[in-house]
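Visitor: Got a minute to walk me through this one? I'd like to start with the cysteines.

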Amino acid sequence: MSPGRKPTLAVIGATGAVGTVMLDLLSMREDVWGEIRLAASPRSAGTKRRVRGVEVEVAALSEAIFDGADVAMFDVPDDVSAQWAPLAVTRGAVAVDNSAAFRMDPDVPLVVPEINPEQAANRPRGIIANANCTTLSLIVAVGALHRAFGLREMVVASYQAASGAGQAGIDTLYAQLGSVAGTRSLGQRAGDLRGVVGDLGPFPAPLALNVVPWAGSLKEDGWSSEELKIRDESRKILGLPDLKVSATCVRVPVITTHSVAVHAVFDSEVSREAAQHVLATAPGVVLADDPQDGEFPTPADVVGTDPTWVGRVRRSPDNARGLDFFVCGDNLRKGAALNTAQIAELVAAEFAAS
């Protein structure tokens with residue numbers, strides 16, 4: 001990068017569900033970029049997307065997109081990132097990757113700017129990873145509480161939106177909702193939904209009028225990949241390699257915004273009031289915690305917003321060091337595009353300071 005100009009940004013996967021949100025964020029956030037290039041699969045090449053009021057043509061992903069680019073943000077499947085992010089680095093760009101391809105690589109920092117922004121500068125491979133959307137839905141709040149009280153363990157249950165499975169998940173849920181709409185007898189006999197909803201899409205069971213206790217792929221001892229990501233990524237982000245984490249991931253009939261019920265145990269005693277104060281003053285967190293007035297976060301109220309929303313804060317009745325709370329976060333924004341954009345902006349700030 002040469003001083004005296006704004007860095008050039010390449011957005012890879014610009015037309016997908018996350019990429020579309022990314023372009024909106026680039027238009028809304030501080031203008032730290034010079035040229036912005038867009039790339040996607042060949043079927044999207046030639047289309048145009050508006051970024052900061054300018055129509056930008058989408059190019060097919062190729063090596064040339066990285067020539068002269070300073071930062072490349074990847075919102076693509078794991079295998080695409082695994083191939084193209086290292087290539088971007090060889091062309092001189094810092095790769096900021098939203099896939100799972102590099103998250104657990106010891107030479108790739110896993111960054112959440114509200115928690116460990118300093119890690120972004122330590123990137124031996126030239127790559128910075130973005131965490132999984134479910135981890136990001138809870139980790140900003142958990143990180144703030146960890147700084148105050150010292151986290152020892154946590155047990156979480158996720159309520160994950162259909163969009164966590166990509167555009168196919170969104171399309172499948174809308175199609176299933178259309179199939180069941182107006183049929184008031186459905187959901188009252190075992191198996192009746194399966195005969196009506198048709199295509200299950202990326203889900204192993206009907207999602208409309210249902211919850212599905214599964215997200216991800218099968219791993220050892222019956223754990224899913226999504227559940228293990230919460231454990232492994234939380235450990236890395238917080239710098240707690242021995243943190244005890246147990247997660248159960250559940251898919252729910254919500255279009256966008258993940259929710260997570262968290263039970264956390266700390267080194268020191270924690271009162272509800274002390275926890276509320278920490279959360280109310282933490283960057284990137286909004287506390288909505290007055291259940292008497294119906295004030296608590298729900299996906300319907302949180303979708304489309306940037307912060308992590310927290311409510312239902314309670315000290316465990318059986319453990320003075322235990323805390324229970326409920327978290328909501330838009331999985332396409334902070335859970336994906338926003339955190340990626342924030343990481344890229346940390347790199348852009350390095351350029352501005354040089």
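**Cysteines, helices and a loop**

Guide: Sure. This is a predicted model. Taking a disulfide as two cysteine sulfurs within 2.5 Å, the count is 0 disulfides.

Visitor: Why is C249 not bonded to C133?

Guide: Because the gap is too wide for a bond: the closest cysteine sulfur, in C133, sits 9.2 Å from the sulfur of C249.

Visitor: And where does C328 stand? What is its nearest cysteine sulfur?

Guide: That of C133, 14 Å away. C328 is in no disulfide.

Visitor: Is C249 buried or exposed?

Guide: Buried. C249 has 0% relative accessibility, and the cut-off for buried is under 20%.

Visitor: C328: buried or exposed?

Guide: C328 counts as buried, with 0% relative accessibility.

Visitor: Switching topic. Where is T135?

Guide: T135 lies in helix α3, which covers residues 133-149.

Visitor: Buried or exposed, that T135?

Guide: Buried, at 0% relative accessibility.

Visitor: It's a threonine, so what does the side chain of T135 make a polar contact with?

Guide: The side chain of E233, at 3.0 Å.

Visitor: Which residues does T135 touch, leaving out those up to four places away in sequence?

Guide: T135 touches K229, I230, E233, S234 and I237. So E233 appears in that list and is the polar partner too.

Visitor: Staying with α3. At what angle do α3 and α9 pack?

Guide: About 85 degrees, with the axes 8 Å apart. Helix α9 spans residues 333-353. That makes α3 roughly perpendicular to α9, because angles from 65 to 115 degrees fall in that class.

Visitor: Which residues make the contact?

Guide: From α3, C133, L136 and V140. From α9, K334, G335, A336 and N339. C133 is also the cysteine whose sulfur is closest to that of C249.

Visitor: How many of the contact residues are nonpolar, polar and charged?

Guide: The contact of α3 with α9 has 4 nonpolar, 2 polar and 1 charged.

Visitor: New spot. Where is V108 found?

Guide: V108 is in the loop between β6 (94-97) and β7 (127-129).

Visitor: In a loop, then. Is V108 buried or exposed?

Guide: Buried. V108 has 1% relative accessibility.

Visitor: Which residues does V108 touch, again leaving out those up to four places away?

Guide: F102, R103, R125, I127, I128, A129 and K236.

Visitor: And what separates the C-alpha atoms of V108 and A120?

Guide: A distance of 8.9 Å. V108 and A120 are 12 residues apart along the chain.

Notes. Residues are numbered from 1 along each chain as its sequence is written. This is a predicted model: local features need pLDDT of at least 70, side-chain atom pairs count only at pLDDT 80 or more; totals for chains, interfaces and linings use all residues. Side-chain values use heavy atoms; hydrogens and water are left out. Buried means under 20% relative accessible area, exposed over 50%, partly exposed in between (1.4 Å probe, protein chains only). Helices (H or I, at least four residues) and strands (E, at least two) are DSSP runs, numbered from the N terminus. A polar contact is a pair of N or O atoms within 3.5 Å; within protein, one must be able to donate a hydrogen and the other to accept it, and residues adjacent in sequence count only if both atoms are side-chain atoms. Contact means heavy atoms within 4.5 Å. Axes are lines fitted to C-alpha atoms, for helices over the stretch in contact, and angles run from 0 to 180 degrees between N-to-C directions. Angles under 35 degrees count as roughly parallel, over 145 as roughly antiparallel, 65 to 115 as roughly perpendicular and the rest as oblique. Ala, Val, Leu, Ile, Met, Phe, Trp, Tyr, Cys and Pro count as nonpolar, Asp, Glu, Lys and Arg as charged, and the others, Gly among them, as polar.
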